[in-house]
Amino acid sequence: MTRDKMKLSGVSALVVDPDRHAVSLLLQMLRGLGMDQPTTADTGEQAKVLLKSQSFDLCIFEATLPDMSGAELVQYIRKLPPPAKYTPILVVTAYSHVGNVRAARDAGAHLVVKKPLSPQTLFDRISWAASAARPFVEAGSYVGPDRRLKFTGPPDGVGRRQDDLPVEIGSATEPNLSQAEIDAMVRPMKVFAE
Amino acid sequence: MTAPPSSTIVVKRYIAPNRLASLVDRPGGKRRERAIADAHRNLEAVREETLAAANLLVDEIEAAFARRSSDYRGALEDMQRVANQIITIAGTYKALSLCEACMRLCDVIAACPFASQGLDPPLAICVRTVRLFAPGATGALDEVSTRRILRELRQALDHLGISMPKDPAID
C-alpha cells in the first residue's frame, strides 16, 4: 500500500550498514522524507546492543555485515519478546549472492530491496512495511510477515491453514437461485417494530 | 484439547501490532511528492563530496587487485566490498556506466571460486573499465563509446559464462 502522505518524525529507526557512504546517503534521504535522526550501527553486534536497550519502529539492514549476515540479525529480532519481534525490517543489498537474499527473506525480513535506493523506492517501501493489515506468521523456524502477498488459494488446492477454503466445494444440493431471488435477498426491506 | 502429532508444524497466523503503521498515519504528514523532492535535494547537497569519495574507492579497488598474488581471497573480498560501495553511490547519482562496470566486476568475483582456470584477465578488464568510468577519470567518454565498452564487456563475460542469475526475491 502506497500512501499519499506519511509522518516520519518521531519514528525511531535503526540503520545497520558498515558502508559509511551508503549510511550517509540513506540518512540524507530519510531526513528528506521527514524522519528525525535515525540510530546507526556498523556491525550486527552493535545493533544487538542497541536493540537490547531501545525499541525501534523500523529497521534497515545491509544484507552483508562484517560480523554476521543481515539474515542472522533479522532472526535475532524475530526471537525478541513482543513488540520488538514485530518490528518491520527492510534488508538492502547492492550486489549479493542469491543465497544471501533468500536467507534474508526466509529469516523474516519484510522486504529485500536492491541498492541504490531512490527516495521514491524508500518512501514506498516504508509505506508498505507500515501496512497494518499484513499478517504475521509463526511456523516452525519461520517467524515473520506472511509472504503470501496475493491470495491465490491454498497450494495444490489443499488447504493447511484454518482459514484456507477448499477449492472443491462439492455438488450443489439445491437448485440455483434466480436473479430475482438474489435481488429479493439483498433488497432493502422495511422492518416493522412489533 | 489434544496436542498435535510431533510431525505437525503448528502455524500461528495473526495480525501483529505495527507501531510504524500508527505513527506514519498521524495527522500532519508530508505529502509523497514533497518528501521525495526534499530527499532528492538533500542528496544533491552531498553530490560532490560523495562522488569524490567514489573516486577514492576506485583507487582502493586497484590497490586490492594489485595485491591479489599475495592474498587472493582477501583481495577479492575487498574488491567486492568496495565495488558494492561504488554501486550504491554511482546508482544514487545515476552514474550508470560506473554502476554497471562495478556489477560486472562483482559478477567475475562471484564466479572466481567456481572457475576451473584463473579469472585474472576478466578481473583486470573489469578493474580497468571501472577506472574508465570513475567520476574523476581523465578524458570523459562519449555516449557511443560508453555503450560500446559496456556491450563488449558483457559479451566477453557471457563468452566466459559469467553472469549472476536474477533473483525474483530482490525488489
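The following exercises concern aromatic contacts in a predicted model.

**Exercise 1.** Determine how the rings of Y86(A) and F136(A) are arranged, and where the two residues lie in the chain.

*Solution.* A search of the whole structure over all chains yields three aromatic pairs. In the pair of Y86(A) and F136(A), the ring centres are 5.0 Å apart and the planes stand at 85 degrees, so the arrangement is edge-to-face. The pair joins distant parts of the chain, 50 residues apart: Y86(A) belongs to the loop between α3 (70-78) and β5 (89-93) of chain A, and F136(A) to strand β7 (residues 136-139) of chain A. Both Y86(A) and F136(A) are buried.

**Exercise 2.** Classify the pair of Y86(A) and Y14(B), and state which elements it connects.

*Solution.* The centres of the Y86(A) and Y14(B) rings lie 6.0 Å apart, with planes at 75 degrees; angles over 60 count as edge-to-face, so this pair is edge-to-face. The pair crosses between chains, from the loop between α3 and β5 of chain A, which holds Y86(A), to strand β1 (residues 11-14) of chain B, which holds Y14(B).

**Exercise 3.** Assign Y86(A) and Y14(B) to a burial class, and name the residues of the aromatic cluster that includes them.

*Solution.* Buried means under 20% relative accessible area. Y86(A), at 12% relative accessibility, is therefore buried. Y14(B) has 22% relative accessibility and so counts as partly exposed. Together with F136(A), Y86(A) and Y14(B) form one aromatic cluster.

**Exercise 4.** Identify the residue that lies over the face of F65(B).

*Solution.* The residue is R68(B), at 3.8 Å from the ring centre of F65(B).

Technical notes
Residues are numbered from 1 along each chain as its sequence is written. Chains are lettered from A and ligands numbered from 1 in the order in which they are written. This is a predicted model: local features need pLDDT of at least 70, side-chain atom pairs count only at pLDDT 80 or more; totals for chains, interfaces and linings use all residues. Side-chain values use heavy atoms; hydrogens and water are left out. Rings of Phe, Tyr and Trp (its six-membered ring) pair if their centres lie within 6.5 Å; planes under 30 degrees apart count as stacked, over 60 as edge-to-face and the rest as tilted. Helices (H or I, at least four residues) and strands (E, at least two) are DSSP runs, numbered from the N terminus. Buried means under 20% relative accessible area, exposed over 50%, partly exposed in between (1.4 Å probe, protein chains only). A charge sits over a ring if NZ of Lys or CZ of Arg is within 6 Å of the ring centre and within 35 degrees of the ring normal.
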